[in-house]
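Visitor: Could you take me slowly through one part of this structure, namely the charged side chains and how they pair? I am in my first year, so please explain each term as you use it.

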Amino acid sequence: MDFIERNLFTKLRAENFNTGEKIEPMTKYKQGKLQQYIDNIDSMPPGKVKLSNDKLNQLFVEIQSGERRNKTPAIQTIYLLRIIVINVNQMLNGGISLRGIIQLGQYLRATDQVFDFVKLDRWLRELHLQRMAQLQGSVLVNFFGFDKSEIPFVKKVEKSSVKLTLKSLRFNFLGEQIKEAEIKQRQGIIAQSTPVVKHSLIRSFKFFRFAPIEVSSNFLHNFTSSLSDLEE
């Protein structure tokens, strides 16, 4: 982490988690760079409350509707699951969203929330999202001062969370956010994939070991959507 990035996370912790930290003195030029980082984080669109794999998404819908029919539904835990799914969608399509991670942390620390982590663990296991949730929690531990004990679905801190977070931060800062896969028709014969397809594949499959089913489905969904756009 360089000097500007270190100050960025200090500022994010102070503003969103009331840590009382102060950033180190900066030149006007570096202050401008810091503001660009913040503007970029704030402008990133949120992910969808949806999984790309049709079967898993249907199960996700059934989990929510089934829980709401209980006599004492764990509503707060449903919302926690939804935040995790939103972040999964964002991670696969635009990299790790610090705004989404901060929302997760703030919800976990909300004093009026009571969570059923036994249910959450079961839901995450059924949706094959245990490690994706653990990755999100690891970002809170490594960058936002959370203790692992505050996040029961983090069984161990993912070491790669630091590298993946900084890569997403830097990549998006350069204005090179990965768009959905696109297809160009060349020479009127065969549709060839553009470099965007390659980059999208690389971006998505960085998370493959965390959620192989969802990563594969997400890329296939983006790829076929681009084919449909081409036909139109």
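Guide: A salt bridge is counted here when a side-chain nitrogen of Lys or Arg lies within 4 Å of a carboxyl oxygen of Asp or Glu. By this rule the count comes to 10 salt bridges. In general, side chains of opposite charge can pair when their charged atoms come close.

Before we look at single pairs, please note that this is a predicted model, in which local features need pLDDT of at least 70 and side-chain atom pairs count only at pLDDT 80 or more, while totals for chains, interfaces and linings use all residues. Residues are numbered from 1 along each chain as its sequence is written, and side-chain values use heavy atoms, with hydrogens and water left out.

Let us begin with Asp42, which forms a salt bridge with Arg99, the closest N and O atoms being 2.8 Å apart. Asp42 lies in helix H2 (residues 28-43) and Arg99 in helix H5 (residues 98-109), so this pair ties together parts that are 57 residues apart in sequence. The helices named here are DSSP runs (H or I, at least four residues), numbered from the N terminus. Asp42 is partly exposed, with a relative accessible area of 46%, and Arg99 is partly exposed at 31%; in these terms buried means under 20% relative accessible area, exposed means over 50%, and partly exposed is in between, with a 1.4 Å probe and protein chains only.

Another pair joins Lys119 to Glu67, where the closest N and O atoms are 2.6 Å apart. This salt bridge links distant parts of the chain, with Lys119 in helix H6 (residues 117-126) and Glu67 in helix H3 (residues 54-68), 52 residues apart. Both Lys119 and Glu67 are buried.

Helix H6 also holds a pair within itself: Arg122 and Glu126 both lie in this helix, 4 residues apart, which is about one turn of the helix. Their side chains meet in a salt bridge of 4.0 Å, N to O. Arg122 is partly exposed, with a relative accessible area of 33%, and Glu126 is partly exposed, with a relative accessible area of 33% as well.

Notes
Helices (H or I, at least four residues) and strands (E, at least two) are DSSP runs, numbered from the N terminus.
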